[in-house]
Amino acid sequence: MGGTVKPNSAGADSRAAGQVVLLGCGFVADLYMRSLQATPGIEVAGVWDRDATRLAAFCTHWDVPARDGLAALLARAPNALVLNLTNPAEHFETTKACLEADRHVYSEKPLAMMLDDAKTLHTMATEKGLMLASAPCSALGEAAQTLGHAIRSGIAGIPRLIYAELDDGFVPQAAYDKWLTESGAPWPYEDEFRVGCTLEHAGYYLTWLISWFGPVRTVVASSAETIPDKEGSGPFAPDFATATLFFANGPVTRLTCSIVAPHDHGIRIVGDKGVLSCKAAWDNSAKVRFARRINLRRRLMEHPFPQTVRLKQPTHPKVKRWGAAAMNFMLGPVEVLEALRDGRPCRLTNDFALHLTEVTLAIQNAGETSGAQTMSTTCDRMEPMPWAK
């Protein structure tokens with residue numbers, strides 16, 4: 001299911017095991033740096049971006065060392081985990097180069113823009129005994145882990161149906177030209193519109209779902225571009241997608257993604273006893289609630305005052321809200337580093353990354369007439385975090 005994984009050559013040396021290098025320093029890189037501030041013991045051993053001006057501004061702001069190329073980035077820190085934060089269109093070639101250099105890689109989503117390319121990376125990593133993990137990592141966060149614990153505990157009974165929404169509002173009319181990170185990186189609107197909201201955002205709930213129930217067996221989806229005149233040069237990806245997911249061992253799920261419909265990042269898990277819910281996919285500390293089902297004067301309804309479901313504290317380091325998100329982007333890299341240090345399987349397996357990519361691409365590329373798509377990849381359910389068992 002992913003092969004034997006090579007440990008870092010530094011073995012149990014905590015300093016070496018706690019090194020990362022950043023490949024790319026655009027908009028998302030500042031989110032990782034902000035998360036690193038809440039994550040002690042990890043050193044940024046180098047940064048490279050082909051945009052020299054951007055590289056200088058980023059490294060000056062965060063006081064991290066710049067490198068003058070990919071080869072130098074890898075050579076100066078031979079034991080560091082590579083965080084691939086490049087443009088999605090560059091993920092395949094850059095990750096491939098890192099794997100060829102025998103480096104473990106944590107990639108921003110998607111793993112690749114085409115399934116065959118993602119499978120090539122998976123094969124390379126497996127044959128070399130390397131870890132190839134993929135964002136998003138919010139499945140390791142408190143909200144997702146709380147919901148997972150509640151499902152396993154049977155609080156809502158057997159889950160029968162799930163609704164998951166990742167709608168971001170009418171983004172083409174937003175003031176996105178003013179969305180700048182603290183080091184000055186603009187939100188890459190053209191790239192976002194070309195890559196599409198499904199590849200960018202579906203993973204936030206897909207990782208939760210796959211971590212709880214395991215692989216998706218069949219995807220029945222459709223997608224469309226509802227706003228063809230977005231700013232920038234196309235072609236643009238679909239800005240709306242909806243999918244019905246059939247799991248090998250889990251409830252039927254409806255998932256929507258759009259940058260058109262009013263903002264809604266909620267998930268509802270409908271069980272025999274009531275409904276588990278969470279309203280914020282991008283907030284690790286979002287409240288998880290359970291509303292038991294009751295009959296009131298011949299009317300069947302969910303209790304109007306749901307109870308809050310909590311885990312024992314502490315869970316993991318939290319990051320303050322910035323913009324729409326309050327997520328610790330380093331939960332994934334930390335999981336990879338700790339798995340390498342401890343010589344144990346990583347929760348974010350190579351198989352998990354590939355399966356997530358296949359399901360996401362199936363939804364994104366569905367169009368009007370794709371019909372049911374049977375997935376060719378699989379993965380195991382994710383082991384819960386120690387504090388969520």
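The expected span of a helix is 1.5 Å times one less than its number of residues, where helices (H or I, at least four residues) and strands (E, at least two) are DSSP runs, numbered from the N terminus. The model used here is predicted: local features need pLDDT of at least 70, side-chain atom pairs count only at pLDDT 80 or more, and totals for chains, interfaces and linings use all residues. Residues are numbered from 1 along each chain as its sequence is written, and side-chain values use heavy atoms, with hydrogens and water left out.

**Exercise 1. Helix α11**

Work out what span α11 should have, and find which of its residues are buried.

Solution. Start with the length: α11 covers residues 331-342, twelve in number, so at 1.5 Å a residue the span should be 16 Å. Next, check the model: the end C-alpha atoms lie 16 Å apart, which agrees.

Now turn to burial. Buried means under 20% relative accessible area, exposed over 50%, and partly exposed in between (1.4 Å probe, protein chains only). The buried residues of α11 are L331, G332, P333, V334, E335, V336, L337, A339 and L340. Nine of the twelve are therefore buried, so α11 is largely enclosed by the rest of the structure. Finish at the residue that follows α11: G343 has a positive phi, near 65°.

**Exercise 2. The nonpolar cores**

Which residues have the most contacts inside the largest nonpolar core, and which helix gives the most to this core?

Solution. First, the term: a nonpolar core is a set of buried Ala, Val, Leu, Ile, Met, Phe, Trp, Tyr and Cys residues joined through side-chain atoms within 4.5 Å. The largest one has 97 residues, and L22, F58, Y106, W208, V219, L245 and I363 have the most contacts inside it. Helix α10 (residues 203-213) gives the most to this core, eight residues. Another core, of 23 residues, lies apart from it and includes V21, C98, V105 and A353.

Then take L245 as an example. Contact means heavy atoms within 4.5 Å. Beyond its neighbours within four places in sequence, L245 is in contact with residues including L206, L209, V219, V359 and I363.

**Exercise 3. Q145 and W387**

Describe the surroundings of Q145 and W387, and say what polar contact each side chain makes.

Solution. Begin by placing the two residues. Q145 belongs to helix α7 (residues 142-153), while W387 lies in the segment after β15 (372-374). Q145 is buried, with a relative accessible area of 6%; W387, at 19%, also counts as buried.

Next, list partners more than four places away in sequence. Q145 touches A139, L140, L311, P384, M385, W387 and A388. Among the contacts of W387 are Q145, L140, L311, P314 and H316.

Last, the polar contacts (N or O atoms within 3.5 Å; within protein, one must be able to donate a hydrogen and the other to accept it, and residues adjacent in sequence count only if both atoms are side-chain atoms). A polar atom of the Q145 side chain lies 2.9 Å from the backbone nitrogen of M385. For W387, a polar side-chain atom is 3.1 Å from the backbone oxygen of T315.

**Exercise 4. D117**

Is D117 buried or partly exposed?

Solution. Locate D117 in helix α6 (residues 115-128). Its relative accessibility is 22%, so D117 counts as partly exposed. Leaving out residues up to four places away in sequence, D117 touches F92 and A112.
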